[in-house]
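Visitor: Before we go into any detail, could you show me the model and take me through how its features are read?

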Amino acid sequence: TFTIKVEEAAPAQEKDLSFDFSKNITGWPTTNSTTLTNYDYSLSGTDYSFALKNVKCNGGYLMLTQPSVLGLPAIEGYKLTKVVAKNSANCSTSVNVGISSSATSASYITGGAAQTWSTTSSTYTYNLSDTTANTMYYLYVTSKNAQIISLQLIYSPAK
């Protein structure tokens, strides 16, 4: 008689990528690229690939000047499910920011519809659904200038 013991692998955990731009994170560009440019940033020893257009680190915040795009990393086996951004108190009035499936148009995904940011330091949450694993989505600014002091990206394992 044989007994075979099968151990189940532990379920994959969510990935939480958090950035505090108020501390002037070194390594982020300090000048804008007017064309969509790939940019690698290392966080806790892992490189993540972003895409930037009109985005730069600017004295305690990440500045997104219209029209701008911040491509959020595609992580193999994971899908983006939540984006939490906190803006600076000096943010332009009536900044429209959403999560798009396109780097060239405001093609907002479910849960990523544009929100109008205020000029007070506030936190904006996008609870995303119907996202796909291994896919880059874009923080898309269609009007004015956004100033982000913190950004949290939550990725869930793809099933």
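Guide: What follows moves from the overall make-up to one strand and then to the nonpolar cores, bearing in mind throughout that this is a predicted model.

Visitor: How many helices and strands does the protein chain have?

Guide: A chain's secondary structure is read as a succession of elements from the N terminus, and here the protein chain comes to 0 helices and 10 strands. Its C-alpha atoms fill a box of roughly 75 × 30 × 30 Å along the principal axes, and buried residues account for 43% of the 159 residues.

Visitor: Why is strand 5 described as largely enclosed by the rest of the structure?

Guide: Burial is judged residue by residue, with under 20% relative accessible area as the cut-off. In strand 5, which covers residues 78–87, 7 of the 10 residues are buried, and therefore the strand is largely enclosed by the rest of the structure.

Visitor: Which strands does strand 5 pair with?

Guide: Pairing is read from bridges between strands: strand 5 pairs with strand 10 (residues 145–157) in the antiparallel sense over 9 bridges, and K79 stands opposite S156 there. Strand 5 also runs antiparallel to strand 8 (residues 123–127), to which 5 bridges join it, with V83 having Y126 as its bridge partner.

Visitor: Which residues touch the most other members of the largest nonpolar core?

Guide: In that core of 39 residues, they are F19, W28, F50, L70, W117 and L153. Beyond its neighbours within four places in sequence, F19 is in contact with residues including I25, Y41, L43 and I149, as well as W28, F50 and L153. Another core, of 6 residues, lies apart from the largest one and has V69, M136, Y138 and Y140 among its members.

Terms used: Residues are numbered from 1 along each chain as its sequence is written. This is a predicted model: local features need pLDDT of at least 70, side-chain atom pairs count only at pLDDT 80 or more; totals for chains, interfaces and linings use all residues. Side-chain values use heavy atoms; hydrogens and water are left out. A nonpolar core is a set of buried Ala, Val, Leu, Ile, Met, Phe, Trp, Tyr and Cys residues joined through side-chain atoms within 4.5 Å. Buried means under 20% relative accessible area, exposed over 50%, partly exposed in between (1.4 Å probe, protein chains only). Contact means heavy atoms within 4.5 Å. Helices (H or I, at least four residues) and strands (E, at least two) are DSSP runs, numbered from the N terminus. Two strands pair if DSSP finds at least two bridges between them.
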